[in-house]
Structure formats: structure tokens, C-alpha cells
Amino acid sequence: MSTELSVRARATRLLLGLRRAPDPYAVYERLRVLGPVLPVPALSTVVLCGYDVCRHALRSPDFLVPDTRWRDEHTPGWRRHPSMEQYAASLLNVNPPEHQTLRGRSAALLTRSAVDGLRATVEELAEDCVARLVAAVARHGWADAAEQVALRLPTRAICALLDLPDEDAAELGAAMLRNQVVGELFPSEAELNEADQAVRELKAYFRALGERGHPGAWTRFSPGECGLLLQAGVSTTFALLGTALCALLKDNGALAADLAARPELIPGTVDGWLRDRPPSTMVSRVPRHDVELAGVPVAAHTHLLILIAAANRDPGAPGPLSFGHGPKYCLGAQLARMEAIALVRALLPHAGTWHLTDPTPSFTGYVIPQARTLKVTTRRPPAPRTPPGHDRVGRRTP
Ligand code: HEM
């Protein structure tokens, strides 16, 4: 087999294996070392892993997002699913000139000063989520920090942003997880049916809220726009906060102890998680015209997968692409970082006494890999058993 064919075969195998991969980030790293631009004809896509090509495709007006027209031509049948229809019509998936109009509406809600104004609320919410976790652990001996903290905090933050009732956050967060599959590469029919149901329930929720005359920022947006802000703001931040929890609770809270001693290191630590384990691992684009990327010819309208998780690890990367780049740069980057920093601060006093029952949790999703369950307990996990004749790290003793 020629080298080019073998690279294609390996890239195809790696992409197809993502669904079952225990840690998708390891797969992205393996794709990265295969090359900056990887045509994968078997999956009708070209994968971009190099930092320069990824940044170029994110920034250049020659690259569009796959919009409804592109989907009609390339993925027949996609309109069967209301969840896909809503996702495809959302800000994330529209091109100029409609993009500017839709983006302007959400950007007005997420200005720097508006998000600064939310800081005290976000800090209170982080403290409250952690306090509830403390109470649940005290009551039951364990609690699920993924659900109660990593998912609940970003959902409550978006509820605060949109003036949605705080007590609805649990239900809204759960709906976001059911709907998230619309952004995955190979969703199954059953998963899409579940997402359709979540979208129907969400529409009914906003209709009922309107009928009750519930006031606030959410009334300035359509139910689809509110759904997109929830989706974009919850699923990604959920993943980031899960990474934070795993890092802080492992090794008997060693990192947390360091950060408690030097809290000025917290923002940089959050940025490190964002770089090494970016919650949004990939985004899609299509070139308007025939192009050449790192010497590889790519035909107009070909689907491109921009692998942020690979590009961030490119040795030549001057800075991460975790929040995207260019005209679609994330509108919630400031809020997401603020939530993560607030959570780390709220967790520090407890990190040494809490332990994860499974320190290497499995992930759901590979576009946005999330640890959906993170059981914490105050019981120290048993030390690994050392076989006779071995030391604590497993080396034979003389
Ligand atoms: C750690 C958390 C987050 C990460 C990693 C993240 C990542 C991203 C990325 C990579 C994009 C670019 C998509 C593209 O180029 O196609 C994006 C767009 C976007 N993000 Fe975030 N995001 C996060 C949190 C948030 C939050 C909290 C919000 C608030 C509601 C938000 C709202 C949006 C919106 C509205 C867009 C669409 C921008 C556009 O299409 O013009 N994100 N995000």
C-alpha cells in the first residue's frame, strides 16, 4: 500500500473508532501526527490537524459553515429530524449575510460589561452548587459532581443570563444533553429521535413560559435562539468543568493544594485545560471554491473537519483555537472562563477531602467529550495492592 493510502486508511480507522474510544483526545493526537491535512474519502471529509490550516479555514471568508443548502445537496434526509432543522438554522450554522444579523442579537447579550456584571452571580452559583454537593455527600456518602456541579453551574449561569427560572435548570440541562447529538459526526437514528423529543419539549417549555408572562431577556429571542444559547453555553462548559473536577480531585487534591497556596495560578490552569482538552474538539467548514491546503488540493464544497483538539497540540501553535477564531469566535468565552475560575475557587476547600470513585471516567461524545458521571465520596480510595516482592510503583524489590 502506498504511504498516502496507508495514511488515509489509518485516518479513516481512527475517525470510525472515535465512538468507542475511551479518551477521544488520544485519538486526535494520533490523527495530528499523521499530517496537517488528511483526506478521508471513505467518510466524505478532509480532516485538518495543522495549526496554520485550521486557523486559515476558521478565519478566511473563503470557507463557509455547512448550511441548510449544503445539507440539502450533500446529506439527503437530514430534514426528517426537527432537532437537525433547528440546529442547522441556528447561529452556529448560518453564513453571511444572515450570520451578522443573528450574531449581533446574541452578541448584545454577551458584551464584556454584561458578562462582568454577571460575575458575582456566577460566583454565588458556583458556591451554591458546591454547597449542595457537600450536603449530598454528607447525606448519602457520595454524590454525582458531573450532574450537580459541572452540568448545573453552566445551566444556571445561562438561566441567569436569559432570566429563566433557576429552578428549571436541572430539566434544561438534561434536555441539552439529549439534544447534543445533533452536533456529533455519526448520530444514530435513535439518538436523533431522542433529540427531536428534547427539542419539542423545549419549544413547549418556552411557549408555557410566554403564556405565564414570565419576563426577562429571553423574550427578546425566539425559542430556537434561546435553545442555541443554552446548547452552546451548557454542553461545552459542562465538558470544561468536568475536566476541572477530574484534575482537582485526583491525587488526593495535590493540584488543588498548589492552587490554594497560589490562587493567582488559577486562570492559567483553566487556560491549560482549555488548550490540552478543548471541549469543542472540532468544527466543520466547506470551501467556496477549489483550494489547496498545505499542498493538498481540496474541491469546492468538500466537507472539512477542523480538528481544534489536534491543532492546539501542533508544536508550531502560537496560541490555542479552543474558542474558534475569526468571524465565528465564541461569544461565551469570557463567561465560560469565569465559570471555570469560580468553580475552582469554590472547590479548593473540599478538594483534599473528596475523591472520585473512578479516577479515569469514560466520556460520552467525541465532538464535545463529556464525563457524564463523576461520583465523589469522602472515603479515600484503597491504595493499589502491591504484590509481594514489589515496591509501591510495581518494581521488583531485590
Ligand atoms: C468552554 C466553553 C466553550 C467552548 C470551548 C466554546 C467553543 C466555541 C467554538 C469553538 C465556537 C466556534 C464555532 C465555529 O467556529 O464554528 C463557538 C461559538 C459560539 N459559542 Fe462557544 N464555547 C464555549 C462556551 C460558550 C458559552 C458559555 C456561550 C454562551 C452562551 C457560548 C456561545 C457561543 C455562540 C453563540 C457561538 C456562535 C458564534 C457564531 O457562530 O458567530 N459558548 N464556541
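**Entry 1: a buried cysteine.** I began with cysteine 159, which counts as buried at 1% relative accessibility. I then looked for a sulfur partner and found the closest cysteine sulfur in cysteine 226, 10 Å from the sulfur of cysteine 159, which is too far for a bond. I note here that what I am reading is a predicted model, and I keep that in mind for every entry below.

**Entry 2: disulfides.** I widened the search to the whole structure, and it returned zero disulfides. Cysteine 49 is in no disulfide either, since the nearest cysteine sulfur, belonging to cysteine 54, is 6.7 Å away, while a disulfide would need the two sulfur atoms within 2.5 Å. Cysteine 49 is buried as well, with a relative accessible area of 1%.

**Entry 3: salt bridges.** Next I asked how many salt bridges a search of the whole structure finds. The count is 17, and I looked at some of them one at a time.

I took glutamate 85 and arginine 79 to begin with, whose side chains meet in a salt bridge with 3.1 Å from N to O. Glutamate 85 is partly exposed, with a relative accessible area of 30%, and arginine 79 is also partly exposed, at 38%.

I then turned to arginine 156, which forms a salt bridge with aspartate 128, the closest N and O atoms lying 2.8 Å apart. This pair links distant parts of the chain, with arginine 156 in helix H9 (residues 145-162) and aspartate 128 in helix H8 (residues 119-140), 28 residues apart. I checked how each partner sits with respect to the surface, and arginine 156 is buried, with a relative accessible area of 7%, whereas aspartate 128 counts as partly exposed at 26% relative accessibility. Following shared partners from here, I found that salt bridges join Asp128, Arg132, Arg156 and Asp166 into one network.

I also noted the pair of glutamate 147 and arginine 152, whose side chains meet in a salt bridge at 3.2 Å, N to O. Glutamate 147 is partly exposed, with a relative accessible area of 39%.

**Entry 4: the surroundings of the ligand.** I moved to the ligand and asked which residues are the closest among those that surround it. There are 26 residues around the ligand, and the closest are His99, Arg103, Arg285, Lys328 and Cys330.

I looked up the polar contacts of three of these residues with oxygen atoms of the ligand. For histidine 99, a polar side-chain atom lies 2.7 Å from a ligand oxygen, and for arginine 103 the corresponding distance is 2.6 Å. In the side chain of arginine 285, an N or O atom is 2.7 Å from an oxygen atom of the ligand.

I then asked which elements each supply at least two residues of the shell around the ligand. They are helix H6 (98-107), helix H12 (223-249) and strand E5 (282-287), and H12 gives the most, with six residues. Sorted by class, the shell holds 15 nonpolar, eight polar and three charged residues.

**Entry 5: the iron atom.** My next question was which protein atom is the donor of the iron atom of the ligand. The only protein donor is the SG atom of Cys330, at 2.3 Å. I located cysteine 330 in the chain, and its place is the loop between helix H15 (308-311) and helix H16 (333-351).

**Entry 6: backbone details.** Finally I went through the backbone for features that a new reader might pass over. The peptide bond from proline 96 to proline 97 is cis, with omega near 0 degrees, and proline 97 lies in the loop between helix H5 (82-88) and H6, the helix H6 already listed as a supplier of residues to the shell around the ligand.

I also asked where aspartate 163 lies, given that it has a positive phi of about 60 degrees although it is not a glycine. Aspartate 163 is in the loop between H9 and helix H10 (169-179), and it is partly exposed, with a relative accessible area of 36%.

Asparagine 252 likewise has a positive phi, of about 55 degrees, although it is not a glycine. I found asparagine 252 in the loop between H12 and helix H13 (254-261), partly exposed with a relative accessible area of 39%.

How values were computed: Residues are numbered from 1 along each chain as its sequence is written. This is a predicted model: local features need pLDDT of at least 70, side-chain atom pairs count only at pLDDT 80 or more; totals for chains, interfaces and linings use all residues. Side-chain values use heavy atoms; hydrogens and water are left out. Buried means under 20% relative accessible area, exposed over 50%, partly exposed in between (1.4 Å probe, protein chains only). A salt bridge is a side-chain nitrogen of Lys or Arg within 4 Å of a carboxyl oxygen of Asp or Glu. Helices (H or I, at least four residues) and strands (E, at least two) are DSSP runs, numbered from the N terminus. A residue is near a molecule or strand if one of its heavy atoms lies within 4 Å of it. A polar contact is a pair of N or O atoms within 3.5 Å; within protein, one must be able to donate a hydrogen and the other to accept it, and residues adjacent in sequence count only if both atoms are side-chain atoms. Ala, Val, Leu, Ile, Met, Phe, Trp, Tyr, Cys and Pro count as nonpolar, Asp, Glu, Lys and Arg as charged, and the others, Gly among them, as polar. Donors are N, O and S atoms within 2.8 Å of the metal (3.2 Å for Na, K and Ca); water is not among the atoms, so sites may look incomplete.
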